[in-house]
2 protein chains.
Amino acid sequence: MKVISSIRTVQNILISLRNKRKTIGLVPTMGAFHEGHLALMRTAKQECDFVVVSLFVNPLQFGPSEDFNRYPRDLARDRTLAKSTGVDLLWTPDAHDIVPPDLATSVDVARVTDRWEGAVRPGHFRGVATIVAKLFQIIKPDIAYFGQKDYQQTVVIRQLIRDLHFDLKMRVMPTVRETDGLAMSSRNQFLSPEGRAAATVLYRALQHAQQLVKKGERHCHYLQKEVESLIKKEPVAKIDYVAFCHPETLEPVDQILGKTVLLMAVKIGSVRLIDNVIVGR
Amino acid sequence: MKVISSIRTVQNILISLRNKRKTIGLVPTMGAFHEGHLALMRTAKQECDFVVVSLFVNPLQFGPSEDFNRYPRDLARDRTLAKSTGVDLLWTPDAHDIVPPDLATSVDVARVTDRWEGAVRPGHFRGVATIVAKLFQIIKPDIAYFGQKDYQQTVVIRQLIRDLHFDLKMRVMPTVRETDGLAMSSRNQFLSPEGRAAATVLYRALQHAQQLVKKGERHCHYLQKEVESLIKKEPVAKIDYVAFCHPETLEPVDQILGKTVLLMAVKIGSVRLIDNVIVGR
């Protein structure tokens, strides 16, 4: 596995691969790899001839009061983990090449960013869309891989791909969970031992909703109350939002009439966690 | 010359050309061709194996009180003129393919859009950047051609190309003028006979400034007063702005210390005209 920072060097490698009709996969990451990332990398390696993992902690997607400086960084560990999956290139661009001081262009996706993470984290998705557009432009992948855990992000990026005519396929892979159901996240390491135990409440709440829907419950108001009261039993858990939404528009729905996404954001102490599940069909 | 609307059909043609290592030129236009457009097309044809002229009146770059509906449209005439230049493909995309009702993504270039046309026409350059990004993504040209007449637009697009890593060369061609100096523009046809005569004042003012600078004048405040008083001698002319600016940042400058762009926007009756010239070196 090569580890390269230079945009130009990476592009030259990719040009020669494309000339040989090799398919290129991209796994965009911010590092701090966990099994979720590694699953994306393994799938990419199965589906593409050459896999680029980009590792870039995107300053544009963090708000001024958020954890950019605190975000976990460990290149040596990430390098070993990425290599173990068989990916071909770990691309670690320098911040000043991706976000130079004279960067003036931003990419904004409207509507699907109005609610949920977009509402709580103003500018977050503009930061995501701008950098993802840049990564797509630089790498020109045939397939790009994202995790379902950041559900709203996948909706935003799907819209971005369609609107800006990116010539690539997007693959969204299932959320990878700890054995007790907690969704893998780089931020889990900030949980205290008590918080770590309490954090399973998100998955328990998602499962509870899923079971109620399976049993025939269709009223989202009732389902939401059920989910919220389950979460509230955890004293350290503070609900940011719990919402049953249309899977593409992310608008709240009143009834489970088809495929619906249950989105939630819950603070466990000072650590904000998000999770989601698809209910209905 | 082919005339095609379908994005997919155009892209299939371009894929096979690219496989044969042909270079592709793009001349983005809103139609209503004049010698300025035709000069871009002829240069593109000299420099590229295959030239696409896009003809799309971009609704996003017109403000609500602007002349989108009134903007001149004459496909039969444009087709004949484009064909005469030897370009290969006139691409006339349907509005609903470029600006579908569910379009949610916009591309914004900050700073260089703060002043001048950007200040007078809020949202104009966001509309330009969004559509130009889409055209670049669809056509993937090796070289894209623009006219210097829309000077600020060329600065915005140059920044867009750099920021979003578009893999293309931008060529800016000199403004083509009528024999009396009036810059060619699709909007000139809206001038009354009296307005048409008065409209030469823009070029006369640009030339006056250029001569003063050649003679050694360096003080922009003085130069601006000179230019403005010349324009004010035309009773039907109303100055929107006259500004000596840094050629890349478009920030006003006090002294002509190097290459400087003189930008102006002047209303002749109800017709708003823009023009510019480079002074200094």
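**Entry 1: symmetry**

I started by laying chain A on chain B: a turn of 180 degrees and a shift of 0.0 Å along the axis does it, with an RMSD of 0.0 Å. The two copies are thus related as by a two-fold rotation axis. Note to self: this is a predicted model.

Next I asked which residue of chain A comes closest to the rotation axis. Val107(A) does, with its C-alpha at 2.3 Å.

**Entry 2: where the chains meet**

I looked up the contacts between the chains and found 20 residues of chain A touching 20 residues of chain B. On the chain A side, strand E5 (105-109), helix H6 (124-139) and H7 each supply at least two residues. E5(A) has the largest share there, with five residues. I also sorted the chain A side by residue type: eleven nonpolar, five polar and four charged.

Do the copies use the same surface or different ones? I checked the overlap, and 100% of the interface residues of chain A are also interface residues in chain B, so the copies meet through the same surface.

**Entry 3: strand E5 at the interface**

I zoomed in on E5(A) and its partner, strand E5 (residues 105-109) of chain B. Five bridges join the two, and they run antiparallel. For one pair along the way, I noted Ser106(A) opposite Asp108(B) in E5(B).

Then I wondered how many of the five residues of E5(A) are buried. I got four, so E5(A) is largely enclosed by the rest of the structure.

**Entry 4: the two domains of chain A**

I pulled up the domain assignment for chain A, which lists domain 1 (2-173) and domain 2 (186-276). Their centres, over C-alpha atoms, are 26 Å apart. Across the boundary in chain A, I have twelve residues of domain 1 in contact with 14 residues of domain 2.

Which elements give two or more residues to the domain 1 side? I found helix H5 (117-120) and helix H7 (151-163) of chain A. H7(A) gives the most, three residues. By type, I count seven nonpolar, two polar and three charged residues on that side of domain 1.

I underlined H7 of chain A in my notes: this helix gives at least two residues to the side that touches chain B, and H7(A) also gives three to the side of domain 1 that touches domain 2.

**Entry 5: the six-stranded sheet**

I traced an open sheet of six strands in chain A, in the order E1-E4-E3-E2-E6-E7, with parallel pairing. The edges are strand E1 (2-4) and strand E7 (169-173), each pairing on one side only. For the twist, I have neighbouring strands turned by 25 degrees against each other on average, direction ignored.

I picked one pair inside the sheet to look at. Strand E3 (residues 50-55) and strand E4 (residues 89-91) of chain A run parallel and are joined by three bridges. Within that pair I noted Val52(A) opposite Leu89(A) in E4(A).

Last stop was a helix packed on these strands. I found helix H2 (residues 35-47) of chain A lying across strand E2 (24-29), E3, strand E6 (143-147) and E7. Relative to E6(A), I have H2 running at about 155 degrees.

Methods
Residues numbered from 1 in each chain as written. Chains lettered and ligands numbered in written order. Predicted model: local features only at pLDDT ≥ 70, side-chain atom pairs only at ≥ 80, totals over all residues. Domains from an automatic or database assignment. Contact = placed C-beta atoms within 7 Å. Nonpolar A, V, L, I, M, F, W, Y, C, P; charged D, E, K, R; others polar. Pairing = 2+ DSSP bridges. Least-squares fit on C-alpha atoms with pLDDT ≥ 70 in both. Buried ≥ 20, exposed ≤ 12 C-beta atoms within 10 Å, placed from the backbone. Axes fitted to C-alpha atoms, helices over the stretch in contact; angles between N-to-C directions.
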